[in-house]
Amino acid sequence: MTTKYDQSRFRAEPFDVQSAEVLTELMELSGATGQEECGGTFAATLEEWHSADTSLVHGLIFSLDQAPVGCVLLKHPPASPDWVQQGDISIHGLKIDYRFQGLGLGGLAFAATLTAAKVRWPQAHRATLAVDAENAAALNLYKRHGMQEIGPPVQGRIGYEYRLGCTLK
């Protein structure tokens with residue numbers, strides 16, 4: 001039986017307020033088979049944040065009962081990809097550890113990501129992301145949370161991807 005988790009057991013907090021122990025635990029998490037090829041590893045996400053200009057890149061860790069289960073990066077231009085418009089932010093590598101997938105945490109994580117984007121960059125107009133065209137679960141999740149396609153699928157780093165966006169105001 002699958003357990004759905006509610007918001008009371010789930011937290012989203014910035015990377016920069018985490019202890020070294022929690023960040024090490026985050027680096028040890030793993031995505032499902034094939035997901036790390038598209039969205040990168042947990043360790044790579046943390047390394048990218050460490051090397052970034054933190055005024056332009058914001059990392060969030062997702063925890064369940066105070067244990068890390070996922071993470072995401074938010075970027076503001078010029079740290080975002082070229083296709084992201086000025087005034088928008090981009091969402092990168094939202095991931096939940098494979099042992100916690102299918103339990104409703106992705107939806108909680110995505111909603112928390114949009115809230116964090118509004119708080120971090122209140123002047124931002126829209127949140128955007130790119131998702132592999134074959135990733136039906138992610139596409140459905142993002143669309144349930146108000147994301148809409150920004151044009152047709154385009155050739156991405158690995159294959160075709162959709163670019164999605166939603167208003168932050």
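This is a short chat about strand S3 and a helix pair in a predicted model.

Me: Is strand S3 largely enclosed or open, and why?
Reply: S3, residues 67-75, is largely enclosed by the rest of the structure, because 8 of its 9 residues are buried.

Me: How many bridges does S3 make with S2, and in which sense?
Reply: S2, residues 57-64, pairs with S3 over 8 bridges, in the antiparallel sense.

Me: Which residue in S3 is the bridge partner of Val 57?
Reply: Lys 75.

Me: And the hairpin of S2 and S3, how many residues sit between the strands?
Reply: There are 2 residues between them, and in this hairpin Asp 65 has a positive phi near 50°.

Me: What about S4, how many bridges join it to S3?
Reply: S4 covers residues 88-96 and is joined to S3 by 5 bridges; the two strands run antiparallel. As for a specific pair, Leu 73 has His 92 in S4 as its bridge partner.

Me: Switching to helices. At what angle do H1 and H3 cross?
Reply: Roughly 135°, with the axes of H1 (residues 20-27) and H3 (residues 42-50) coming within 7 Å. That crossing makes H1 oblique to H3.

Me: Which residues meet there?
Reply: From H1, Leu 23, Leu 26 and Met 27; from H3, Phe 42, Ala 43, Leu 46 and Glu 47.

Me: How many of those are nonpolar, polar or charged?
Reply: The contact of H1 with H3 has 6 nonpolar residues, 1 charged residue and no polar ones.

Technical notes:
Residues are numbered from 1 along each chain as its sequence is written. This is a predicted model: local features need pLDDT of at least 70, side-chain atom pairs count only at pLDDT 80 or more; totals for chains, interfaces and linings use all residues. Side-chain values use heavy atoms; hydrogens and water are left out. Buried means under 20% relative accessible area, exposed over 50%, partly exposed in between (1.4 Å probe, protein chains only). Helices (H or I, at least four residues) and strands (E, at least two) are DSSP runs, numbered from the N terminus. Two strands pair if DSSP finds at least two bridges between them. Axes are lines fitted to C-alpha atoms, for helices over the stretch in contact, and angles run from 0 to 180 degrees between N-to-C directions. Angles under 35 degrees count as roughly parallel, over 145 as roughly antiparallel, 65 to 115 as roughly perpendicular and the rest as oblique. Contact means heavy atoms within 4.5 Å. Ala, Val, Leu, Ile, Met, Phe, Trp, Tyr, Cys and Pro count as nonpolar, Asp, Glu, Lys and Arg as charged, and the others, Gly among them, as polar.
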